[in-house]
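User: I'm new to this structure and would like to learn how to read it. Could you take me through some features?

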Amino acid sequence: MGGRVSNRLDPLALPLAGRHLIEASAGTGKTWTIAALYLRQLLENGREPGQLLVVTFTEAAAAELRERIAARLHEARGALAGGAADEFLAALMARLPDRAAAAARLDDALLRLDELAVYTIHGFCGRALADHAFGAGSRFEADIEKDVAPLTAQVLGDFWRQRCAAASREELDALYTLWECGPDDLAEALKPLDGKPQLRLLPAPDRVDPAAAKAVLDAARDALAAAWPAGRDEALALLLDDKGLSRNKDNGYKPDDLRALFDAVDAWAVAPGGPPPDGLARLRQTCIDGALKEVAVKKGARAPQHPLFGQIESLCRAADALTYAVRVRTVHDALAYLGAQRAARLSAAGRRGFDGLLQELDAALAGPGGAALAAALARRYPTLMIDEFQDTDPLQYRLFERLQQAAGDGFGMYLIGDPKQAIYQFRGADVFAYLAARRDIPPGRRHTLGTNQRSTQRLVDAVNAVFGGHPRPFVLDGAGR
């Protein structure tokens, strides 16, 4: 990509301490690089298998990494014994000062493969909380609830019933306009937001007031009902006589449709406390103008104007404002209720959810004993490799940052991932977390795996030509650089 400030990675020259970013597209050898760095940390830096923390994002990826690391250890042991060695292994073996000591370390590591500290992010948090339960203020034992969907549905069902019970008729209409199937639809709408406490939702809930919006709606409704009897005949005649009004079978402006609608509004205006009749929005001025949905006025014609159409416009806008206020308040309140209730009910049952593991460790690291806990974890894992780093969100990045900040000299942290994938929000990825991490790492510690093993050179060149032809191919300054 144009303008990148990264160094082509040399796996034999990569420093064994410090914070580093390794940017790698799919097919460029991320897993191979992790195994190579693991081998060097073991043989050249004197790390033990349990000290080399490798974090990834799925159980399948963790299993593959364990397998690949174990295979690399076997290959290295074979190379020391005089067996076949690839270019990397041959160069590494050649510079080891004590081959007998290296063989002993490899033999020991192979006997302790069950100690490999290769975890998912949730697995790491669970292990950290279990190993440091007292310092973290955590439960000493808590089972993991792998599927919180049933509990989420139960909590949101409770929330929905409480919200509906306290709602006015207009607010209730808005709730079911927004989420027709009730709590099931609400749960689906909250999925992209659930479990992400770092998100700041706009507007803030104190910027909207459903009660105030309802008062405006009531006033607009009463004003229309009061003005309707005096103006309805004139307004109907305008619509019936207008030659520029389109009158197809679906848009509701045929004479019979208009007369039926006006009769329905007559009945409503006598006692306007109930919902306005279906189709009233067809009489709002913007709808007649053709600004909303269907085109009501023929091309070149002037739309009929009447004060009642403006009042209906005000009523519809007030109804839209109430729906918007209900939506904002409901989303904020539902997320807060869901987070608190789900955590409380899991805790009461002696269980944790996956997201709760991250939030609990984050809270512990931010608490009174957080500095000591971070230092203990950094001593326990003086080398940290984060696979698929592009899928990291701000909370996850903050956890690792605290370890790095609490660590002493010799701590190594390696962030390995594909920045292009961060934009897709796969597994909750946050492109801004990735960009923040990249800004935090000096250019001399940014590395690139540049050889794609899965694509032809022509394809790679073509993709680079597409994205390299613009100075800001990803819109944001610094993205892709």
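Analyst: We'll go through a sheet, a pair of helices, a pocket and some backbone details. First, this is a predicted model: local features need pLDDT of at least 70, side-chain atom pairs count only at pLDDT 80 or more, and totals for chains, interfaces and linings use all residues. Residues are numbered from 1 along each chain as its sequence is written, and side-chain values use heavy atoms, with hydrogens and water left out.

User: In what order do the seven strands of the open sheet run?

Analyst: Helices (H or I, at least four residues) and strands (E, at least two) are DSSP runs, numbered from the N terminus. Two strands pair if DSSP finds at least two bridges between them. Here the order is 1-9-2-8-7-3-4, with parallel pairing. Strand 1 (7-8) and strand 4 (117-120) are at the edges with a single partner strand each, so one side of each has no neighbour in the sheet. Further in, strand 2 (residues 18-24) pairs with strand 9 (residues 446-449) over four bridges, and Ile-22 has His-447 as its bridge partner in strand 9.

User: At what angle do helix 10 and helix 13 cross?

Analyst: Axes are lines fitted to C-alpha atoms, for helices over the stretch in contact, and angles run from 0 to 180 degrees between N-to-C directions. Helix 10 (residues 210-241) and helix 13 (residues 307-348) have axes that come within 7 Å and cross at roughly 155°. That makes the two helices roughly antiparallel (the word for angles over 145 degrees).

User: How do I read a pocket, and what volume does the largest one have?

Analyst: Rolling a probe the size of a water molecule over the atoms shows where empty space is left. On a 1 Å grid over the protein atoms alone, a pocket is an open set of points where a 1.4 Å probe fits, with protein on both sides within 12 Å along at least five of seven lines; lining residues have an atom within 4 Å of a point. The volume, meaning the space filled by probe spheres set on the points, is about 1,100 Å³ for the largest pocket. Of its 40 lining residues, those closest to the centre are Gly-195, Phe-354, Asp-355, Gly-356 and Gln-359. Helix 13 gives the most to this lining, with eight residues.

User: Where does the backbone do something unusual?

Analyst: Most residues other than glycine have a negative phi, and most peptide bonds are trans. Here the bond from Leu-202 to Pro-203 is cis, with omega near 0°, and Pro-203 sits in the loop between helix 9 (183-190) and helix 10. Glu-388, although not a glycine, has a positive phi of about 55°; this residue lies in the loop between strand 7 (383-386) and helix 16.

Conventions: Parallel < 35°, antiparallel > 145°, perpendicular 65-115°, else oblique.
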